[in-house]
Amino acid sequence: MIRRRLIHVAALLSFLSVAGASANAGTVSGVVHNGTNSNKPAAGVDVLLIQLQGGMQVVANTSTDSQGQYHIDNPAIGNGPMLIRAVYKGVFFHQPLTPGTSTVDVTVYEPTTNPGAIQIPLRLLVFQPNGDKLMVGEEYSVQNNSNPPAAYFKQEGNFEFTIPTGADLDQVSTFGPSGMPVRQGTIDKGKGRYAISYAFQPGQNGVRISYIMPYTGNQAQFRESSNYDAQRVLLVVPPTMQVASAGFNAAGTEQGYNVFSKESMKTGNGFDITVSGTAPPPAEASANSSPDQVNGRDSGPETTIETAPARIGDEKWILLGGLAAIFAVGVGLLLRKPVPELATAPALPPSNSKSRKARRAEQQQAKSSAAAMTHVPPPVERVTQEVHSNLDSLKDTLLRLELRRQAGTITDEEYALERGRAEQLLRDLVQG
């Protein structure tokens, strides 16, 4: 079983490298379900086929029949990753259409304007300097546990955020339960406050924000705002940098970055941050990256195309080349379950009355006692489960990586780097 799954992932790597047309190229069909109404078929829903290359272009459209079914024929299907968009009551719901796939079901939800539908389990801030510029990447983990399930959405803006004084907003993207990031247009509310209109579906969603700040003399001091209650806030910096903020404590490392954590940040409680030091710059953005690349919003009554902001100097675009790498750290942190496990408990002082060997024996005995109280799978079964989980995660990562490349949200250098990491992981799984 494990060998077959490894072969499947290896085949996926080869398949993504060629991205050729499949036997089912040109056709896609599926069913649109209403997740609020017991997943019953949703009739009369507009379904759009979106081509990612060239800026989220709608290339075909249809509507579901009385059974919630749709069917689209288009020669572009199968030549590269695309999107299926279902428009329900003015809200967009997306599912990826990857090469080799001919059936894509979409779940839509009744919209709600109740802000209590979402919670923020985690807010992440990552800092990356380059010369006299400091790039800040923020990621909010947004959980929708509404019951009955509903999509939280407001056309006038339903997620607000504030960037520090003197910062220059770069871009905002969101992702839903499918995990694929989509660039968002912003609503400028003045004085560093912005909002986006996005349908947060039941399950895990996320908002990613990046902005540029002055970094004169390799240091910066600024104040961050809290627009939402957050169960946990993390600050992440390269190991050669220093960061200080009241109430934040060291919480280990992630992918070579130092992590600092603070529990329970309440709305309205801003916090001051001091960042200093230098770090190697991220890889320069691909020469093929265009400042005029367009992307579409993920919600709203009409397709909205937004152009990227004008250049603010070469340093900014060097920083943009490292955006995906910065957020990769955030992905690693967000995928840890439960989140509090990231924090490291304070080490106990060594006891002079016991030898190191004796203490190790006591620790081993405690672990054995805890294991006896819970069901632990046999070693072979446990390893099999872990390998299966890693392979599923690897396949999902590869598909998302290819979608990001086609959508233009990742440079060629970043794509090659992340692809190489995935291939190395595959080799490690095969050898292990």
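**Exercise 1. Which residue in strand 18 is the bridge partner of Q171?**

Solution. The model is a predicted one, in which local features need pLDDT of at least 70, side-chain atom pairs count only at pLDDT 80 or more, and totals for chains, interfaces and linings use all residues. Residues are numbered from 1 along each chain as its sequence is written, and side-chain values use heavy atoms, with hydrogens and water left out.

Step 1. Locate the strands, which are DSSP runs of E with at least two residues, numbered from the N terminus; helices are runs of H or I with at least four residues. Strand 14 covers residues 168-175 and strand 18 covers residues 203-214.

Step 2. Check the pairing, which requires that DSSP finds at least two bridges between two strands. Strands 14 and 18 are antiparallel, with seven bridges.

Step 3. Read off the partner: Q171 is bridged to S210 in strand 18.

**Exercise 2. Place strands 14 and 18 in their sheet, and state the order, the edges and the twist.**

Solution. Step 1. The sheet is open, has eight strands with mixed pairing, and runs in the order 15-14-18-11-10-20-23-22.

Step 2. Strand 15 (182-184) and strand 22 (249-254) are the edge strands, each pairing on one side only.

Step 3. From one strand to the next, the twist averages 25°. For such angles, axes are lines fitted to C-alpha atoms (for helices over the stretch in contact), and values run from 0 to 180 degrees between N-to-C directions.

Step 4. T253 belongs to edge strand 22. T253 has a relative accessible area of 49% and is therefore partly exposed; the classes are buried under 20%, exposed over 50% and partly exposed in between, with a 1.4 Å probe and protein chains only. Between T253 and P239, 14 residues apart along the chain, the C-alpha separation is 8.8 Å.

**Exercise 3. Describe the sheet that contains strand 6, and trace the bridges of strand 6 to its neighbours.**

Solution. Step 1. This open sheet of four strands is antiparallel and has the order 4-3-6-7. Strand 4 (57-63) and strand 7 are at the edges with a single partner strand each, so one side of each lacks a neighbour in the sheet. With direction ignored, neighbouring strands are turned by 25° against each other on average.

Step 2. Strand 3 (residues 46-51) pairs with strand 6 over six antiparallel bridges. Among them, I50 is bridged to L83 and Q51 to M82.

Step 3. Strand 6 also pairs with strand 7 (residues 91-97), in the antiparallel sense over seven bridges. These include I84 with Q95 and V87 with F92.

Step 4. Strands 6 and 7 form a hairpin with two residues between the strands, where K89 takes a positive phi near 55°.

**Exercise 4. How many residues of strand 6 are buried?**

Solution. Step 1. In strand 6 (residues 82-88), seven of the seven residues are buried.

Step 2. Side chains in a regular strand alternate between the two faces of the sheet. In strand 6, one side carries M82, I84, A86 and Y88 and the other L83, R85 and V87, all of them buried.

Step 3. Strand 7 has five of its seven residues buried, so the rest of the structure largely encloses it.

**Exercise 5. Describe the surroundings of R123 and of F127.**

Solution. Step 1. R123 is in strand 10 (residues 118-130). R123 counts as buried because its relative accessibility is 2%.

Step 2. The R123 side chain reaches the backbone oxygen of S225 at 2.7 Å.

Step 3. Leaving out residues up to four places away in sequence, R123 has contacts (heavy atoms within 4.5 Å) that include E138, E139, E224 and R232.

Step 4. F127 is one of the residues that touch the most other members of the largest nonpolar core, which has 40 residues; the others are L134, F159, F161, V207 and L235. Such a core is a set of buried Ala, Val, Leu, Ile, Met, Phe, Trp, Tyr and Cys residues joined through side-chain atoms within 4.5 Å. A second, separate core has 25 residues, including V47, I77, V91 and V108.

Step 5. Beyond its neighbours within four places in sequence, F127 is in contact with residues including L134, F222, L235, M241 and V275.

**Exercise 6. Summarise the protein chain as a whole.**

Solution. Step 1. The chain has six helices and 26 strands.

Step 2. Of its 432 residues, 46% are buried.

Step 3. Of the contacts between residues at least 6 apart in sequence, 72% join residues at least 24 apart.

How values were computed
Polar contact = N/O pair within 3.5 Å; in protein donor to acceptor, adjacent residues only side chain to side chain.
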